[in-house]
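Me: Got a minute to walk me through this one?
Reply: Sure, here it comes.

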Amino acid sequence: MSKNVDKTIPVLEMQGVDKHFGGVHAIDNFSVQIKHGQIHGLIGPNGAGKTTIFNNITGIYVPEMGKILFNGQDITGTPPHRVAQLGIGRTFQNIRLFANLPVLENVIIAANKDATYGFMDALLKTPKYKEREKALEEKAMGLLKVVGLADKTKELAGSLPYGHQRKLEIARAMALDPDLLLLDEPAAGMNTEESLDLVNFVREIRDTFDITILMIEHHMDVVSSLCDYCTVLNFGKTIAVGTPAEVKADPEVIKAYLGGTV
Amino acid sequence: MFFQQLITGISVGGIYALLATGYSLIYSLLDFSNWSHGEFAMVGAYIAIVFSTMLPFPFLVAAMIGVAGGALVSWLTEKVVYRRIRSTGGPNMFLMIGAMGLSSVFQQAANLIFTGQYRSYPFKLPVSTIKIAGAYIGVLDLISLIITAIILIFLMYIINKTQFGLNVRGIACNQWGAKILGVKVDSCISKVFILAGCLAGVAGILYGAKYNVWPTMGNIGLKAFISSVLGGLGSVPGAILGAVLLGIIETLVSAYVSSSLRDFFSFALLIVILLVKPSGLLGVDVQDKA
Amino acid sequence: MLSVFNSINNAFCNTLGISSYMQGVVVLMCINIIAVLGMSVLTGFTRLFSFGNAGFMSIGAYAAAILTVRYNVNFLVAIILGALAAGFVAFCLGSITLRLKGDYFLITCLGFGECVRVLFNWTKNLTGGSAGFPGIPAYSNMLFSVVCTILAFFIAWRFIHSKYGRNLTSIRENEVAAQAVGINAFRTKRLSFVFSAIYAGWAGAIYAGYLMYIVPSAFNLGKSCELITTTVIGGLGSLTGSVLGAILVTVLPEVFRSMANYRMLLYGIAVVLVIMFKPTGLYGYKEFSLKRTIAWFKNLGKGKDKPAAAEGKEDK
């Protein structure tokens, strides 16, 4: 959001990142530059290494080679919770909510860094504690309003329908006040109408919070209408970079992935 | 003297290995520590006691019935309890809590039926020794060592060379994938529990013959747990290695340091090994997939 | 101070006509509640398992005993130091072992518990070894234990219902997601571990002042299992459930004296049944509320035509 960062340097820059699993070259010399406010798409067939890239950015994996810069700061090998605190929020391909907790609490947990009170404050319910907790709740409520779940705050996250769970995951990631949001297949399992909804929703999020988005997506129509740029991967290798229109016309991409269906 | 202790250690380790391999197999399939595994050894040992001392059966027959009993009880726990817990889809911790409850049920039931009295099998083997290379080796230790070795070799054969073994390894690797390929997962799990129960039964009878039979002897299941962790959870060769190591260390510490510090040393060793190699000696470090 | 303190308790109990037998039951109940509350925070809210809590209880008990008897420390200070000692040991142990995964952590806890027992047995000069440590002043009277329990419950309640508890619960629900929203899983788990150890130590210190004589074997693996059992029966993820569980587990055996031999067998059966059919226990993931209970009873009266309002959603 409105942090004091130089908006001319790329929000995310990856330089020659490499990762192996056993004998499999999961990502091979991957580089990308994402400028402030862009929506960047990451596309490619299953097993192309897209989620692995997310896991490298968020510190779940440590790359064997290469560098990852976030707002100009080197975050290669930083542990996941630090990466999140620095301002990278993410969602998961297979939704990972705190299923047995209410919707509101899911978001409040993510806003944890705003809970700047000590144990004694919590124990004695001091004014400071009450004030901070109230602010947390208001912030969470605000985010839930944006994603349209404000009337479901007391329901358990695990009991929400699929589409709402995806939105809740985004709201939760937004509670970190991130500069960069990583969306892992947000339109998975949605029909055309729902994915069109999602396109508008993601754009709205970007505009409301003035953030940068890197998303993995299979639906080509979602990518075309949403992304400013995209990178196409196949077997860990980058085979094309450019605007959706450019990428769609790339013969290599058509051969590897689109197969002439688009 | 040292040689003598070493043989005893390996023989005790062998008994642990019988338990640890079964335990490790179950862990590899279900990702859960079967806390009640040691109780199958206790059940087997008691059944053999009943048939050899209270009923007029020759010891060998009684022992076989005991082994079958261990297998039966192991199979029943899977069929009745664990399958039900798995079907609810809760975390694996629930399986372990269930196993802990079962363990206490078995121990208490044995205590009520047989009282806390120490019982022994009707033969004199434990005290007889033979002299090999200048050291007195317990005949029982030798017999136990030979039986264990034969069974473990047979077990490795089953796992590595048979279709059943292949299925088990397949499920351990990827349960869902194995199911897709037509492996009958539930029946395979049942068979593993039967196999593990048999191994535990043998271990229980050998242990009972060496020491005695009492209601809480199932706590040797704990040694199986330690052995498997030492060797790497879910790895059968690791379990054998861990068990033999543990047996030797326990015997040597008892002989040369102090028997009251025996467990202290084994746990200290365990923690040190885990610090150096967090997944055990032969374990594979698996990264969580996000 | 101690004598004044005990006479207040006696006056109180005499006025209400509470027999010394009843007082004993209440004290034991309080000890169980405090230890189980600690277990509940660890297992019910963080989904970490510890077979070492009996070990932490023994640290609290021995620390309090040694301080009061050998060094004439005031018993209140001794209890606090005992609890903190347990917490400190947990901090050190957790720093090393909490980086290990699931069952590997478990076995080190178990090993820790056993090692502590062996050490107390072995250090005869300090602890009296297996013969026990006698002559501890009788500071744990009923009134004091009850006050401690209320305080313990209050602290645990506030702990769970603040950011600390939320963080623990997020680890229970999904560790990867918790880290992805900036929660340091390792430190959060360690906090939970230390909290639970402090409670165990606290319970142990009260235990020492009640029995006035402690032996290492009282804090064996069986005791740790009993704590877990009680937590599970009471309900994972519920503090009130844990209290209820601890009360049941202490009071029922007293009521059914004739069944004393079957006590542990029945515990075992209860745990197996609970985990098979209602894995969240009596009050899983929910706290006791008077309103819901009344609603539940009302529905009972009306027969079964309406689903009970008290039933929330089952977790999956």
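**Chain A and its neighbours**

Reply: Chain A has a radius of gyration of 19 Å, which agrees with the value near 18 Å for a compact globule of 262 residues. That radius is taken over C-alpha atoms, and the globule rule is 2.2 Å times the number of residues to the power 0.38. One caution: this is a predicted model, where local features need pLDDT of at least 70, side-chain atom pairs count only at pLDDT 80 or more, and totals for chains, interfaces and linings use all residues. Residues are numbered from 1 along each chain as its sequence is written, with chains lettered from A and ligands numbered from 1 in the order in which they are written.

Me: OK, what does the C-alpha trace of chain A span along its principal axes?
Reply: About 65 × 40 × 35 Å.

Me: And how many helices and strands in chain A?
Reply: Ten helices and ten strands. These are DSSP runs numbered from the N terminus: H or I with at least four residues for helices, E with at least two for strands.

Me: What about domains in chain A?
Reply: There's domain 1 (8–87 + 178–262) and domain 2 (98–177), with bounds from an automatic or database domain assignment. Their centres, taken over C-alpha atoms, are 27 Å apart.

Me: How many residues of each domain are in contact?
Reply: Twelve from domain 1 and ten from domain 2 of chain A. In contact means that the C-beta atoms, placed from the backbone, lie within 7 Å. On the domain 1 side, helix 2 and helix 7 (192–209) of chain A each supply at least two residues, and helix 7 has the largest share with four. That side has seven nonpolar residues, four polar and one charged. Nonpolar covers Ala, Val, Leu, Ile, Met, Phe, Trp, Tyr, Cys and Pro; charged is Asp, Glu, Lys and Arg; the others, Gly among them, are polar.

Me: Switching topic: is helix 3 of chain A mostly covered or mostly open?
Reply: Mostly covered, with eight of its eight residues buried. Buried means 20 or more other C-beta atoms within 10 Å of the residue's own; 12 or fewer is exposed, in between is partly exposed, and C-beta atoms are placed from the backbone. Glu105(A) and Asn106(A) are among the buried residues.

Me: What covers them?
Reply: The cover includes helix 5 (127–147) and helix 6 (162–174) of chain A, plus helix 8 (163–173) of chain C.

Me: So how many residues of chain A are in contact with chain C?
Reply: 27 residues of chain A, against 24 residues of chain C. Helix 2 (80–86), helix 3 (103–110) and helix 4 (119–124) of chain A each give at least two residues to that side, which divides into 15 nonpolar, seven polar and five charged.

Me: And between B and C?
Reply: That contact takes 36 residues from chain B and 30 from chain C. Helix 4 of chain B brings the largest share of the B side, twelve residues.

Me: Last one: how many residues are in the largest nonpolar core?
Reply: 274, and Leu19(B) and Ile34(C) have the most contacts inside it. A nonpolar core is a set of buried Ala, Val, Leu, Ile, Met, Phe, Trp, Tyr and Cys residues joined through C-beta atoms within 7 Å. Helix 10 (residues 185–211) of chain C gives the largest share, 16 residues. Both domains of chain A give residues to this core, so it lies between them.

Terms used: Contact = placed C-beta atoms within 7 Å.
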